[in-house]
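I opened the file to go through the fold, one helix pair and a few single residues. These are my entries in the order I made them.

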Amino acid sequence: MPIVIGEVGWPTDGAIGANLTAVRAFNQWLINHVLSSKGTPLRPGIPPMDIYLFGLLDEGAKSILPGTFERHWGIFSFDGQAKYSLNLGLGNRRLKNAKNVQYLPSRWCVANPSTDLSEVTNHMKLACSVADCTTLNYGGSCNGIGAKGNISYAFNSYYQLRKQNAQSCDFDGLGIVTYLDPSIGECRFLVGFNDVSSSSFQPVCWWSIPWVLIMWGFWFSVM
């Protein structure tokens with residue numbers, strides 16, 4: 001009976017244990033084991049015919065009902081950049097980043113330091129209901145940046161989603177545009193990129209069609 005593993009992987013953010021160190025270790029061990037042709041204890045010497053690593057890209061609009069990690073399974077980030085290095089058993093060939101990505105200007109929306117932020121709750125809820133704020137959850141890469149950092153991250157996520165529209169950083173005067181990268185440690189404040197085929201910033205699916213061909217690089221055929 002031929003065995004195909006249609007989906008196996010590890011999330012990179014959004015929850016405890018969801019980080020680059022863990023996912024790199026998991027996927028590299030899996031790849032090494034498949035390439036060794038050792039099989040399993042019940043089927044020694046007979047490895048699965050095909051194994052698909054899940055997934056290719058992060059999905060910023062995916063449902064988080066199963067968990068806040070659901071949007072962070074990608075081997076590549078939303079802009080087609082490899083999150084970590086993987087040895088695919090193809091000699092010196094490694095994952096390749098997307099080229100000629102047309103990023104928006106290097107500017108971010110953050111909490112205005114000169115305003116009273118006590119009434120910011122509803123604005124954060126609005127921002128995070130549209131943009132992805134799951135890295136702020138316990139165990140996420142942005143969980144430890146403090147209350148003002150949380151506000152800034154939510155504001156910026158919404159701002160980039162709206163393609164840096166000036167009004168999208170207003171939040172009744174609670175937001176302000178900065179040209180200094182507010183990223184803190186492993187918490188990366190994203191900058192969006194242009195998409196000539198869409199009127200809105202949609203990191204979920206822009207790269208789906210061109211990158212589906214690259215997906216074959218993660219398809220291991222072991223006969």
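**Contacts and overall layout**

I started with the contacts in the protein chain that have a separation of 6 or more: residues 24 or more positions apart account for 66% of them. I note here that this is a predicted model.

I then went through the secondary structure and found four helices and five strands in the protein chain. Along the sequence I read the pattern as β-α-β-β-α-α-β-α-β.

Next I looked up burial and surface. Of the 223 residues in the protein chain, 45% are buried. For the accessible surface I have about 12300 Å², with 59% of this belonging to carbon and sulfur atoms.

**Helices α2 and α3**

I wanted to know at what angle α2 and α3 pack. For helix α2 (residues 121-130) and helix α3 (residues 146-161) the angle is about 45 degrees, and the axes are 9 Å apart. An angle of this kind is neither under 35 degrees nor in the range 65 to 115, and α2 and α3 are therefore oblique to each other. I recorded the crossing of the two helices as left-handed.

I listed the residues that make the contact. From α2 they are H123, M124, A127, C128 and V130; from α3 they are N150, I151, A154, F155, Y158 and L161. Sorted by class, the contact of α2 with α3 has nine nonpolar residues, two polar ones and no charged ones.

**Backbone exceptions**

I checked the backbone for unusual angles, since most residues other than glycine have a negative phi, and most peptide bonds are trans.

Which residues does a cis peptide bond join? I found F54 and G55 joined this way, with omega at about -5 degrees. G55 sits in the loop between β2 (50-53) and β3 (108-111).

For phi I noted N100, which is not a glycine and has a positive value near 60 degrees. N100 also belongs to the loop between β2 and β3. Its relative accessible area is 74%, so I entered N100 as exposed.

Q164 is another entry: phi is positive, at about 60 degrees, although Q164 is not a glycine. This residue is in the loop between α3 and β4. Is Q164 buried or exposed? Its relative accessibility is 6%, so Q164 counts as buried.

**Single residues in the loops**

I returned to the loop between β2 and β3 for H72. H72 has a relative accessibility of 6% and therefore counts as buried. I looked up what H72 touches, leaving out residues up to four places away in sequence: P11, T12, D13, G14, D58, K83, D132, T134 and T135.

I moved on to the loop between β4 (175-178) and α4 (208-212), where L180 lies. L180 is exposed, because its relative accessible area is 66%. I took the C-alpha separation of L180 and W108 as 7.6 Å; the two are 72 residues apart along the chain.

N194 lies in the loop between β4 and α4. With 34% relative accessibility, N194 counts as partly exposed. I also looked up N194 against P105: they are 89 residues apart along the chain, and their C-alpha atoms are separated by 10.0 Å.

**Single residues in α1 and β1**

I picked R24 in helix α1 (residues 20-36). R24 has 34% relative accessibility and is entered as partly exposed. Which residues is R24 in contact with, leaving aside its neighbours within four places in sequence? I found Y84, S85 and L86. For R24 and Y84 I noted 60 residues in sequence and 6.9 Å in space, C-alpha to C-alpha.

My last entry is I5, in strand β1 (residues 4-8). I5 counts as partly exposed, at 30% relative accessibility. Not counting residues up to four places away in sequence, I5 touches P48, D50, I51 and Y52. The C-alpha atoms of I5 and Y52 are separated by 6.4 Å, and the two residues are 47 apart along the chain.

Conventions: Residues numbered from 1 in each chain as written. Predicted model: local features only at pLDDT ≥ 70, side-chain atom pairs only at ≥ 80, totals over all residues. Heavy atoms only, no water. Axes fitted to C-alpha atoms, helices over the stretch in contact; angles between N-to-C directions. Parallel < 35°, antiparallel > 145°, perpendicular 65-115°, else oblique. Left-handed = near helix turned anticlockwise from the far one by under 90°. Contact = heavy atoms within 4.5 Å. Nonpolar A, V, L, I, M, F, W, Y, C, P; charged D, E, K, R; others polar. Buried < 20%, exposed > 50% of the residue type's maximum accessible area, 1.4 Å probe, protein only. Areas by Shrake-Rupley, 256 points an atom, 1.4 Å probe, with all protein chains shown as cover.
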